[in-house]
Amino acid sequence: MSKKDREIENEPLKVAEPTAIYAAHSNCQTTSKSVSHRENVMANTMSVDEYFDKLIVNVHEDYANL
């Protein structure tokens with residue numbers, strides 16, 4: 001019995017590059033107000049004391065309902 005090897009293709013190997021969009025889009029928008037990021041964060045943040053006061057009230061309400 002003779003063993004037959006499959007023929008090797010002489011064509012060079014190619015790596016297919018995935019289709020991708022290489023353009024970067026920037027969606028930066030400026031606001032009409034001149035409010036700093038820090039001021040915005042501070043306006044929407046509660047203090048630690050306020051947080052724990054609210055937490056204690058919620059815990060007391062939960063235990064009162066048991």
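A polar contact is a pair of N or O atoms within 3.5 Å, and within protein one of them must be able to donate a hydrogen and the other to accept it. Keep that cut-off at hand for two of the stops below. The model on screen is predicted.

**Whole chain**

Start with everything shown as a cartoon. The protein has two helices and zero strands. Colour by accessibility next: of its 66 residues, 0% count as buried. The accessible surface comes to about 7,800 Å², and carbon and sulfur atoms account for 55% of that.

**The loop between the helices**

Select residues 37-43, which are helix 1, and then T45, which sits in the loop between helix 1 and helix 2. Show T45 as sticks together with the backbone of V41. A polar atom of the T45 side chain lies 2.4 Å from the backbone oxygen of V41. The relative accessible area of T45 is 45%, so T45 is classed as partly exposed.

**Helix 2**

Move on to residues 48-64, which make up helix 2; V48 belongs to this helix. V48 has 57% relative accessibility and therefore counts as exposed, the cut-off for that class being over 50%.

Now select E50, also in helix 2, and add the backbone of S47. The E50 side chain reaches the backbone nitrogen of S47 at 2.9 Å. E50 itself is partly exposed, with a relative accessible area of 46%.

**The aromatic pair**

How many aromatic pairs does a search of the whole structure find? The search finds one. To see the pair, select Y51 and F52 and draw the ring centres: the centres are 5.2 Å apart and the planes stand at 85°, so the pair is edge-to-face. The step from angle to label rests on a cut-off, because planes over 60 degrees apart count as edge-to-face. Both rings belong to residues that are partly exposed: Y51 has 44% relative accessibility, and F52 has a relative accessible area of 43%.

**The nonpolar patch**

Finish with a surface view. Select M46, V48, Y51, F52, L55, I56, V59, Y63 and L66, which together make a nonpolar surface patch of about 960 Å². Three residues from earlier stops return here, as V48, Y51 and F52 are among the members of the patch. Residues need over 30% relative accessible area to be part of a patch. V48 at 57%, Y51 at 44% and F52 at 43% can be checked against that cut-off in the viewer.

Methods: Residues are numbered from 1 along each chain as its sequence is written. This is a predicted model: local features need pLDDT of at least 70, side-chain atom pairs count only at pLDDT 80 or more; totals for chains, interfaces and linings use all residues. Side-chain values use heavy atoms; hydrogens and water are left out. Helices (H or I, at least four residues) and strands (E, at least two) are DSSP runs, numbered from the N terminus. Buried means under 20% relative accessible area, exposed over 50%, partly exposed in between (1.4 Å probe, protein chains only). Accessible areas come from the Shrake-Rupley method with a 1.4 Å probe; for residues, only the protein chains shown count as cover. Rings of Phe, Tyr and Trp (its six-membered ring) pair if their centres lie within 6.5 Å; planes under 30 degrees apart count as stacked, over 60 as edge-to-face and the rest as tilted. Patches are made of residues with over 30% relative accessible area and no salt bridge: like charges are joined within 9 Å, nonpolar side chains (Val, Leu, Ile, Met, Phe, Trp, Tyr) within 5 Å. A salt bridge is a side-chain nitrogen of Lys or Arg within 4 Å of a carboxyl oxygen of Asp or Glu.
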